[in-house]
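Reader: I'd like a close look at one part of this structure: the surroundings of the ligands. Could you walk me through that, and then add whatever else is worth a look along the chain?

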Amino acid sequence: MQPKVDLSAGLCENCHGDTSHGAVIKEWDEYSSPGFEMGAMLSHSEPTDVAEPFVPDSGKSCVSCKSTDGAVPNLAAPEIYDLNEDALPEPAAVKEWRITCTACHNPHTTALRVEDGIQLCANCHNGREAKAEGAPTEYFYPNWEMYSSSDFATGVHPVELTCTDCHMAQSPVDSSANGPASPDHTFNFDPVLLSDPETENECYACHEKNLASLVAERQENISGELQALGQLEVNAGEALETANGTEAYPKLEKAYNNALFHMAYVENDGSLGIHNMDKATIHLETARGLLEYVTEAAGATGEKPTEGPEGPASEEVPDFGAAIAFAGLLGALFLRKMKTRPGK
Ligand code: HEC
Ligand code: HEC
Ligand code: HEC
Ligand code: HEC
Ligand code: HEC
C-alpha cells in the first residue's frame with residue numbers, strides 16, 4: 001500500500017534542516033546548490049524525471065530505483081536483482097522522483113529500511129547483470145557488480161568496507177547547530193574526511209593522510225587508459241565503416257559494440273577503478289583487444305574487399321571468454337606490479 005502523505009524531504013526539514021543537529025538536508029540537497037549541473041547519476045536530490053526524461057515513460061523497473069514512491073515497496077523485500085514489481089506503482093502515479101530521506105529511512109521510526117550498508121545501496125546501484133552481447137549498450141550502472149567481487153568485499157583489503165563506510169564518512173563530533181551531518185549525506189567519497197584522525201572513520205589507522213593521493217593515483221591509471229581507448233574507438237569506428245557491406249561486417253560490428261560495452265562498464269561505474277581495480281583492468285584490456293581487432297580486421301577487409309571466406313572475414317571474433325583469459329593475465333601482471341610498489 002502506498003502512503004497517502006508526501007514523501008518529500010520537507011517531511012524532515014523542520015528539524016533536520018540547517019538549524020538543527022547537522023545540516024543533513026543541505027548536504028543531501030546538492031541539487032539546490034549553486035552551480036549544480038544536471039546529468040544522470042549526479043545526486044539523490046536531483047529529480048530523475050528531469051535529468052533522465054525517458055524515465056517516466058519507461059516501465060515499473062525504473063520506478064523502483066529512480067523514485068521514492070518505488071523505493072519504499074522495493075526496499076521492503078530487498079533482494080538485489082528482484083524488484084518486487086507487483087508492489088510497485090505505475091510511473092504515472094509517482095509523485096516523488098527524488099531519492100529523499102524516506103526512501104532510506106522509515107519516517108515513523110527513522111530506522112533504515114535496510115540495515116546492511118551494502119544491501120541498502122546495491123538494491124538500486126546495480127547494473128542488472130548486464131553482459132556483452134554484441135548489441136549497442138543500454139545504460140547501466142554496475143556499482144554492485146564491481147564492488148561485490150572487490151578486495152573490499154572479499155576480505156583481501158585488511159578491513160572489509162561497505163558502501164556507507166566509503167560514501168558516508170563520519171564527521172568530527174560537533175554539537176553546534178550548523179555542524180556537518182555525521183554521517184555525510186552528500187554520499188560523496190571524501191578521502192580527507194575519511195582519513196582525518198579527529199573522526200571515527202577507520203581509515204586513518206592505516207592510511208593516515210595519504211588516502212587522497214592513493215586514490216587519485218589509482219584513478220589516473222584508469223582514466224588514462226579510458227582516454228587512450230577513446231582514440232582507439234575512433235579508429236575502430238572508421239575502420240568498421242570501410243567494412244560496411246562486406247561479409248565480415250556483422251561480426252566486426254558485434255566486436256565493436258562489445259568493446260564499447262566493456263568501456264561503459266568502467267565509465268558508468270563512476271569510481272574510475274576504485275570499486276574494483278582488477279575487474280576494471282580486465283574490462284579495459286578486453287575493450288582494447290576488441291578495438292585493435294576491429295581496426296585490423298576491418299582495415300584488411302577494406303583494402304581487399306574481394307578476399308574469400310578463408311581471409312580475415314572468417315577470422316573468429318575474440319569472444320568474451322578468450323578475451324577475459326587474455327586480459328586476466330595482464331590484470332594479474334598489473335596487480336603484481338601494484339603490490340610490489342613500495343609504500344602506500
Ligand atoms: C519534530 C522534529 C523532527 C522531525 C520532523 C524529524 N526529526 Fe529526526 N530527529 C529529531 C530529533 C530531536 C532527534 C534526536 C537527536 C538526538 O538524539 O541527538 C532526531 C533523530 C533522528 C535520527 C537519529 C536517530 C538515532 O537513533 O540516533 C534519524 C536517523 C532521524 N532523526 C531521521 C529523520 C527523518 C528521516 C525524518 C523525516 C522522515 C525526521 N528525522 C524528522 C527531530 C525530528
Ligand atoms: C532507491 C534507490 C537508491 C538507493 C537506495 C540508493 N541510491 Fe544512490 N542514487 C540513486 C539514484 C537514482 C541516483 C542518481 C540520481 C540522479 O542523478 O538522477 C543516485 C546517485 C548516487 C551517487 C552519485 C551522486 C552523489 O550524490 O554523490 C552516489 C555516490 C550514490 N548514489 C551512493 C549511494 C549510497 C552509498 C547508497 C546507500 C547508502 C545509495 N546511493 C542508495 C538511487 C539510490
Ligand atoms: C540513500 C539513503 C539515505 C538517504 C536518502 C538519507 N539517509 Fe540518512 N542515513 C542513511 C544511512 C545509511 C545512515 C547510517 C550511516 C552510518 O551510520 O554509517 C544514515 C544516518 C542518518 C542520520 C544519523 C543517524 C545517527 O545514528 O546518528 C540522520 C540524522 C539521518 N540519516 C537523517 C536523514 C535525513 C534528514 C535525510 C533526508 C535529507 C536522510 N537521512 C537521507 C541513509 C540515507
Ligand atoms: C587495517 C589497515 C587498513 C584500514 C583500516 C584501511 N585500509 Fe585501505 N588499504 C590498506 C592496505 C594495506 C592497502 C594496500 C595499499 C597499497 O596497495 O598500496 C589498502 C588499499 C586501499 C585502497 C586502494 C585499493 C586498490 O584497489 O588499489 C583504497 C581505495 C583504500 N584502501 C581505502 C580505504 C578506506 C576508504 C578506508 C576506511 C574506510 C580504509 N582503506 C581502511 C589498509 C587499510
Ligand atoms: C573503498 C571505498 C569505496 C567503496 C567500498 C565503495 N565506493 Fe563507491 N566510490 C568510491 C570512490 C573513490 C568513487 C569515485 C569518487 C570520485 O572520484 O569522486 C566512487 C564512486 C561511486 C559512484 C559514482 C559517483 C559519481 O559521482 O559518479 C557511485 C554511484 C558509487 N560509488 C556507489 C557505491 C556503492 C553503491 C557501493 C557499494 C556497493 C560503493 N560505491 C562502494 C569509493 C568506494
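**Around the ligands**

Author: Let's start with ligand 1, bearing in mind that this is a predicted model. Two helices, α1 (10-16) and α6 (101-104), each put at least two residues into the shell around ligand 1. Of these contributions, the one from α1 is the biggest in the shell, at 5 residues. The shell has 11 residues, and the ones that come nearest to ligand 1 are Cys12, Cys15, His105, Pro107 and Thr110. Sort the shell by class and you get 5 nonpolar and 6 polar residues, with no charged ones.

Now over to ligand 2. Here 25 residues surround the ligand, and Glu46, Ala71, Cys121, Cys124 and His167 are the closest. Helices that supply at least two residues each are α3 (48-51), α4 (60-66), α6, α7 and α10 (163-167). You'll recognise α6 from the shell around ligand 1, where it also gives at least two residues. The largest share around ligand 2 comes from α10, with 3 residues. By class, this shell splits into 14 nonpolar, 9 polar and 2 charged residues.

Moving on from the ligands, a couple of backbone angles are worth a look. Most residues other than glycine have a negative phi. Asn84 has a positive one, near 50 degrees. You'll find Asn84 in the loop between α5 (68-76) and α6, the helix that helps to line both ligands. How buried or exposed is Asn84? Asn84 counts as partly exposed, because it has 16 C-beta neighbours inside 10 Å, and the exposed class takes 12 or fewer while the buried class needs 20 or more.

Glu129 has a positive phi as well, near 55 degrees. Glu129 sits in the loop between α7 (119-122) and α8 (143-147), and α7 is one of the helices that supply the shell around ligand 2. Glu129 is exposed, because just 11 other C-beta atoms lie within 10 Å.

Last stop: Glu241, in helix α13, which runs over residues 211-242. With 12 other C-beta atoms within 10 Å, Glu241 is exposed too, so it falls right on the cut-off of 12 or fewer. What lies across from Glu241, 57 residues apart along the chain? That's Ala298, and the C-alpha atoms of the two are separated by 8.2 Å.

Definitions and conventions: Residues numbered from 1 in each chain as written. Chains lettered and ligands numbered in written order. Predicted model: local features only at pLDDT ≥ 70, side-chain atom pairs only at ≥ 80, totals over all residues. Near = placed C-beta within 6 Å. Helix = DSSP H or I, 4+ residues; strand = E, 2+ residues; numbered from the N terminus. Nonpolar A, V, L, I, M, F, W, Y, C, P; charged D, E, K, R; others polar.
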